[in-house]
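I opened the model today to look up how its strands pair and what packs against them. My entries follow in the order I made them.

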Amino acid sequence: MEYQQQDFRERSADFRITKLGDGRRIEVTGVCPGCGGHTTTTWSYGSGNGYKSFRTRRREADQVADTLRTVCCDCGHGHANRPETDPFLGCGAYWQVDLG
């Protein structure tokens with residue numbers, strides 16, 4: 001299939017949401033609704049340096065679990081006509097998952 005940006009507006013419930021061991025990262029894994037390729041996206045929270053400030057509190061995965069996130073296909077397949085500037089190696093599809 002050729003590269004084409006497609007908005008699959010529906011929330012996809014078919015993705016596995018995994019909190020990673022350090023408590024600062026969440027991994028979302030599943031099948032792209034555009035091309036059917038396997039895709040994985042990881043989000044990091046906080047600065048990663050371990051410092052805390054009295055002005056801001058560390059946002060751990062538990063504190064953002066009820067938010068929606070946009071996932072872009074990053075299946076790794078060489079879809080024809082994919083722009084070289086696209087940061088994701090996928091078909092151009094994007095959709096939302098609920099981390100809650």
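Below are my notes on a sheet, two residues in it, a core and a ring pair.

**Entry 1: ground rules.** I am working with a predicted model, in which local features need pLDDT of at least 70 and side-chain atom pairs count only at pLDDT 80 or more, while totals for chains, interfaces and linings use all residues. Residues are numbered from 1 along each chain as its sequence is written, and side-chain values use heavy atoms, with hydrogens and water left out.

**Entry 2: the sheet.** I looked up the strand order first and found an open sheet of 3 strands, β2-β3-β4, with antiparallel pairing. Strands here are DSSP runs (E, at least two residues), numbered from the N terminus. Two strands pair if DSSP finds at least two bridges between them. The edges are β2 (16-19) and β4 (38-44), each of which pairs on one side only. On average, neighbouring strands of this sheet are turned by 20 degrees against each other, direction ignored; the axes are lines fitted to C-alpha atoms, and angles run from 0 to 180 degrees between N-to-C directions.

**Entry 3: β2 with β3.** I noted 4 bridges in the antiparallel pairing of β2 and β3. One partnership I checked is T18 with E27 of β3. The hairpin of these two strands has 5 residues between them, and G23 there takes a positive phi near 75 degrees.

**Entry 4: β3 with β4.** I noted 7 bridges for β3 and β4, again in the antiparallel sense. G30 has T39 of β4 as its bridge partner, and I26 stands opposite W43 in β4. This hairpin has 6 residues between the strands, and its G36 takes a positive phi near 80 degrees.

**Entry 5: two residues of β3.** I asked of I26, in strand β3 (residues 25-31): is it buried or exposed? I26 counts as buried because its relative accessibility is 1%; buried means under 20% relative accessible area and exposed over 50%, with partly exposed in between (1.4 Å probe, protein chains only). I also took a C-alpha to C-alpha distance: I26 and S44 are 6.7 Å apart in space and 18 residues apart in sequence. T29, also found in strand β3, is buried with a relative accessible area of 8%. Leaving aside residues up to four places away in sequence, I listed D14, F15, R16, H38, T39 and T40 as touching T29; contact means heavy atoms within 4.5 Å.

**Entry 6: the core.** I looked up the largest nonpolar core and found 15 residues, with V28, C73, A93, W95, V97 and L99 having the most contacts inside it. Such a core is a set of buried Ala, Val, Leu, Ile, Met, Phe, Trp, Tyr and Cys residues joined through side-chain atoms within 4.5 Å. The elements giving two or more residues to this core are β3 and β6 (93-98), and the largest share, 3 residues, comes from β6.

**Entry 7: rings.** How many aromatic pairs does the structure hold? I found 1. Rings of Phe, Tyr and Trp (its six-membered ring) pair if their centres lie within 6.5 Å; planes under 30 degrees apart count as stacked, over 60 as edge-to-face and the rest as tilted. F15 and W95 form a tilted pair, 5.5 Å centre to centre with 40 degrees between the planes. F15 lies in the loop between β1 (6-11) and β2 and W95 in strand β6, so the pair ties together parts 80 residues apart in sequence. Both F15 and W95 are buried.
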